[in-house]
Each structure stands twice: as structure tokens, then as C-alpha cells.
Amino acid sequence: VTIQEGLVSWYGEQFHLRPTASGELFDSTALTMAHPTLPFGTQVRVTNLRNGRSVVVRVNDRGPFVGTRIADVSAAAAASLGMLRRGLARARIEILAHE
């Protein structure tokens, strides 16, 4: 899958500095993402379909584990996407490169 569309959520403070599935510590200020299947290190462009804002993030965790959501982004990425207050956004994710 090179492009996916669906609900994206964000996660932050309660996970800050806790280990991610890849073994690195979660940094809510870094541009990272949790995805169920994409390889760790994959660069992904996330675009908020409501406002057109986009950000490039790196997959370093697994998730989300809620309903049909396709990804969880860090608080910093959510801020760039303009979705902090709503918490969820319909988004497109495009794979750019694997590490």
C-alpha cells in the first residue's frame, strides 16, 4: 500500500519518553508515527483532508489499536496538521521512502 486514507489520531504526553515498539523512546516533540504494518524508519507524508495541511513523519511505533484508525501521529505532527483540538482527522498517508 503506497497510499491509505482514513482516520488518524494522535498520542502524546502520557507516552513521552516511554519505549516504542521499535525500541526508541517516544518523543512527543518529534515528527513520528505509529502504524500497524509499515516498517520502522519508513518516511510518510500525512495530509489532513479537512484543511490540506501536511507533514512528513517517520514510523517508529505500532498502533493504533482503536477501531478502524489507520495511524497515530505524535503531538508535534498533530500540531502541524492542525488536529490537536479535534484529536482525530480524516487523512491521507503516502509512503515516501524506506530507511
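**Exercise 1. Aromatic pairs**

How many aromatic pairs does the structure hold? Describe the geometry of each pair and the setting of its rings.

*Solution.* The model is a predicted one, in which local features need pLDDT of at least 70 and side-chain atom pairs count only at pLDDT 80 or more, while totals for chains, interfaces and linings use all residues. Residues are numbered from 1 along each chain as its sequence is written, and side-chain values use heavy atoms, with hydrogens and water left out.

Step 1. The structure holds two aromatic pairs. Rings of Phe, Tyr and Trp (its six-membered ring) pair if their centres lie within 6.5 Å; planes under 30 degrees apart count as stacked, over 60 as edge-to-face and the rest as tilted.

Step 2. Between Tyr11 and Phe15 the ring centres are 5.4 Å apart and the planes stand at 70°, so this pair is edge-to-face.

Step 3. Between Tyr11 and Phe26 the ring centres are 4.5 Å apart and the planes stand at 25°, so this pair is stacked. Tyr11 belongs to strand 1 (residues 3–11) and Phe26 to the loop between strand 1 and strand 2 (32–34), so the pair ties together parts that are 15 residues apart in sequence. Helices (H or I, at least four residues) and strands (E, at least two) are DSSP runs, numbered from the N terminus.

Step 4. For accessibility, buried means under 20% relative accessible area, exposed over 50%, and partly exposed in between (1.4 Å probe, protein chains only). Tyr11 and Phe26 are both buried; the value for Tyr11 is 8%. Phe15, at 32%, is partly exposed.

Step 5. Tyr11, Phe15 and Phe26 together form one aromatic cluster.

**Exercise 2. Salt bridges**

Which residues form the two salt bridges, and which parts of the chain do they tie together?

*Solution.* Step 1. A salt bridge is a side-chain nitrogen of Lys or Arg within 4 Å of a carboxyl oxygen of Asp or Glu. The structure holds two.

Step 2. Arg92 is bridged to Glu5, with the closest N and O atoms 3.1 Å apart. Arg92 is in strand 6 and Glu5 in strand 1, so the pair ties together parts that are 87 residues apart in sequence. Arg92 is partly exposed at 27%, and Glu5 is partly exposed at 43%.

Step 3. Glu24 is bridged to Arg58, again with the closest N and O atoms 3.1 Å apart. Glu24 is in the loop between strand 1 and strand 2 and Arg58 in strand 4, so the pair ties together parts that are 34 residues apart in sequence. The relative accessibility is 31% for Glu24, which is partly exposed, and 22% for Arg58, also partly exposed.

**Exercise 3. Core and strand 5**

Which residues of the largest nonpolar core touch the most other members? Place Val73 among its neighbours.

*Solution.* Step 1. A nonpolar core is a set of buried Ala, Val, Leu, Ile, Met, Phe, Trp, Tyr and Cys residues joined through side-chain atoms within 4.5 Å. Among the 18 residues of the largest one, Val8, Met33, Val44, Val46, Val57, Val73 and Met83 touch the most other members. At least two core residues come from each of strand 3 (43–48), strand 4 (54–61), strand 5 (71–74), helix 1 (75–81) and strand 6 (88–97).

Step 2. Contact means heavy atoms within 4.5 Å. Beyond residues up to four places away in sequence, the contacts of Val73 include Val8, Ser9, Tyr11, Met33, Val46 and Met83.

Step 3. Two strands pair if DSSP finds at least two bridges between them. Strand 1 pairs with strand 5 in the parallel sense over four bridges, and Tyr11 stands opposite Ser74 in strand 5. Strand 2 and strand 5 run antiparallel and are joined by two bridges; Met33 has Val73 as its bridge partner in strand 5.

**Exercise 4. Two serines and two backbone features**

Are Ser9 and Ser28 buried or exposed? Locate the cis peptide bond and the positive phi as well.

*Solution.* Step 1. Ser9, in strand 1, is buried at 3%. Its contacts beyond four places in sequence include Pro64, Val73 and Met83.

Step 2. Ser28, in the loop between strand 1 and strand 2, is buried at 5%. Its contacts beyond four places in sequence include Gly12, His16 and Ser74.

Step 3. The Gly63 to Pro64 peptide bond is cis, with omega near -5°. Pro64 is in the loop between strand 4 and strand 5.

Step 4. Leu17, a residue other than glycine, has a positive phi near 70°. Leu17 lies in the loop between strand 1 and strand 2 and is exposed at 53%.
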